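The following paragraphs explain how the parts of this structure are arranged. Please keep the sequence and the structure in view while reading.

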Amino acid sequence: MTKLVQAVIQPHRLDDVKSALEAAGVRGLTVSEASGYGRQRGHTEVYRGAEYTVDLVPKVKIDVLVADEDAPGVLDVVVKAAQTGKIGDGKVWVVPVEDVARVRTGEHGADAL
Amino acid sequence: MFELDSGNTAFMILAASLVLLMTPALAFFYGGMVRGKSVLNMMMMSFGALGLVSLIWVLYGYSATFGSGNYLGLFGNPFEFFGLQGASDESSLMAATGVPFLVAAGYQATFAIITVALISGAVADRMKFGSWMVFAGVWATLVYIPMAHMVWGGGHLSGAGAIAEALSVPIDFAGGTVVHINAGAAGLALALVLGRRKGFGREPMRPHNLPFVMLGAALLWFGWFGFNAGSEFAADATAGRAWVNTVVATAVAMLAWLVTEKVRDGHATSLGAASGIVAGLVAITPAAAAVDTWGAIVIGLVAGVLCALAVGLKYRFGYDDSLDVVGVHLVGGLVGTVLIGLFATDANATWYPDGALNGLFYGGGATQLVTQVVVALIAVVFSFVATYVIALVLRATIGVRAPEEIEVGGIDQSVHGESAYETLGGSRVVTEVK
């Protein structure tokens with residue numbers, strides 16, 4: 001069966017995570033711009049003396065579909081590649097996927113990965 | 001006998017073109033400072049003023065400002081040069097420097113245009129566009145023209161007025177009172193009548209495009225050379241003095257604003273740099289050719305610090321002068337106009353009207369300082385009261401404020417039928433082609 005590995009990471013770590021996933025044999029992924037915060041909270045900006053707190057900071061979200069048995073390995077690859085050790089590095093999690101189909105061929109399940 | 005000076009005339013045509021550029025520059029300066037949903041409306045207020053005030057100026061504006069006669073000390077004869085007809089070059093404002101009537105009249109048009117456009121910064125996001133246009137025409141007629149007539153057209157605040165007789169001749173080289181105090185006090189009055197934007201002081205109203213603001217400030221600075229150096233009406237050493245002071249005071253004001261906010265807020269910001277530039281330009285305007293380099297440095301320094309502090313007043317007092325027309329133009333205009341009383345000098349290559357005195361620090365005593373303070377106060381009171389009355393009348397008749405749903409949803413889409421950026425409008429389909 002299939003698992004979905006999802007990660008929210010620092011935007012500047014995207015290139016390293018992408019290369020690490022490629023090296024680990026992952027053949028496709030989806031990346032989207034996201035915003036949010038965790039323990040990092042936001043930052044402040046000042047415009048002519050008016051201070052604004054920006055509580056949602058830019059992040060990148062990655063979605064990778066993998067076979068069940070590959071999920072723990074892919075999760076570790078993302079953690080290792082995205083890590084800077086500073087607050088705000090992000091999260092990675094794995095969720096089960098009921099079914100997957102490849103649009104071009106109509107294949108289902110593991111064949112569609 | 002009029003004798004054409006082609007050098008001066010070429011200079012003044014170029015200077016007029018530079019000043020005209022300031023109004024589109026202001027559109028960028030202001031447009032970048034508002035939210036993305038109202039940038040077109042913000043820019044259109046400047047462009048609208050450019051269209052309407054140009055027309056008013058050539059019809060009766062020039063004549064009512066500089067025409068013969070002195071009605072109430074506020075107006076010249078509006079019909080004398082109606083449509084800029086019937087004038088000989090002997091009657092040119094700049095006849096003494098060999099610049100023809102039409103060039104002089106055209107140069108003065110650009111001042112009227114930018115002054116009206118400056119006020120729009122106080123009313124961002126929330127004024128009905130039609131009401132703005134009506135306001136622009138009425139204000140140009142009943143406030144700008146009298147103020148310009150009073151200072152430059154032989155009225156109350158000129159060398160022929162009562163203050164000149166009682167104290168000394170007021171100094172306003174390029175428009176500290178006529179343009180900046182006038183627009184600043186008017187902006188305050190209009191913002192008070194219009195009321196605060198929804199969410200003022202609570203919701204973030206972040207400038208949506210700071211590069212636009214920087215671009216606008218740069219173009220304003222460029223255009224301002226026409227404003228200040230051109231106000232000499234001749235290509236000579238005094239124009240050069242005004243040009244240099246316009247560099248010096250502006251540069252110092254930018255640095256002073258940056259240091260002020262670095263100390264207070266922890267950051268030297270691009271918006272602070274752009275704002276400091278405009279504060280310095282405003283403050284040096286009345287003094288441009290009346291002070292030496294030291295005077296220009298001090299005027300820039302004081303303007304940069306005071307304006308940086310003054311832009312916060314609106315939050316303390318609760319008036320929504322959205323883009324700080326008061327904090328920058330009123331305060332900057334007052335700084336320049338009053339400091340002339342300390343730094344005015346008749347030294348080499350500075351401009352001096354007959355009957356004006358040196359400033360306190362240049363051996364002229366305190367009289368010129370008193371003159372400058374009195375003139376500044378009269379300008380503030382006249383502009384504020386007249387604008388407040390005009391705004392109240394408009395509010396009671398055609399209304400001034402856009403409905404709340406338009407303000408919240410974005411005035412660009414509702415009023416102008418456009419949006420500035422692709423992301424603001426969602427998906428679109430063609431429904432009609434004409």
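In this predicted model, chain A contains an open sheet of 4 strands, ordered E2-E5-E1-E6 and paired in antiparallel fashion. The edges are taken by strand E2 (30-36) and E6 of chain A; each has a single partner strand, so one side of each is left without a neighbour in the sheet. On average, and with direction ignored, neighbouring strands of this sheet are turned by 25° against each other.

Strand E1 of chain A, residues 2-9, deserves a closer look. On one flank, E1(A) is joined by 8 bridges to strand E5 of chain A (residues 57-67), and the two run antiparallel. Within this pairing, A:Thr2 stands opposite A:Ala67, and A:Val8 is placed opposite A:Lys61. E1(A) is also joined by 8 bridges to strand E6 of chain A (residues 90-97), again in an antiparallel arrangement. Here the bridge partner of A:Thr2 is A:Val97. A:Thr2 thus has A:Ala67 opposite it in E5(A) and A:Val97 as its partner in E6(A).

Which side chains of E1(A) are buried, and which are not? The side chains alternate along the strand: A:Lys3, A:Val5, A:Ala7 and A:Ile9 point to one face and are buried. A:Thr2, A:Leu4, A:Gln6 and A:Val8 point to the other face and are not buried.

The helices come next. H1(A) lies across E1, E2 and E5 of chain A and runs at about 5° to E5(A). H2(A) also packs on the sheet, where it touches E1, E5 and E6 of chain A; the direction of H2(A) makes about 10° with that of E1(A).

These helices pack against each other as well. Helix H1 of chain A (residues 14-23) and helix H2 of chain A (residues 71-82) meet at an angle of about 145°, and their axes are 8 Å apart. The crossing of H1(A) past H2(A) is right-handed. From H1(A), the contact is made by A:Asp16, A:Val17, A:Ala20 and A:Leu21, while H2(A) contributes A:Val74, A:Val77, A:Val78, A:Lys80, A:Ala81 and A:Ala82. By class, the residues of this contact comprise 8 nonpolar and 2 charged, with no polar ones.

Finally, chain A touches a second chain. How many residues of chain A are in contact with chain B? There are 5 on chain A, in contact with 12 residues of chain B. The side of chain A that touches chain B has 3 nonpolar residues, 1 polar and 1 charged.

Technical notes: Residues are numbered from 1 along each chain as its sequence is written. Chains are lettered from A and ligands numbered from 1 in the order in which they are written. This is a predicted model: local features need pLDDT of at least 70, side-chain atom pairs count only at pLDDT 80 or more; totals for chains, interfaces and linings use all residues. Axes are lines fitted to C-alpha atoms, for helices over the stretch in contact, and angles run from 0 to 180 degrees between N-to-C directions. A crossing is left-handed if the near helix is turned anticlockwise from the far one by less than a right angle, and right-handed if clockwise. Two residues are in contact if their C-beta atoms, placed from the backbone, lie within 7 Å. Ala, Val, Leu, Ile, Met, Phe, Trp, Tyr, Cys and Pro count as nonpolar, Asp, Glu, Lys and Arg as charged, and the others, Gly among them, as polar. A residue is buried if 20 or more other C-beta atoms lie within 10 Å of its own, exposed if 12 or fewer, and partly exposed in between; C-beta atoms are placed from the backbone. Two strands pair if DSSP finds at least two bridges between them.
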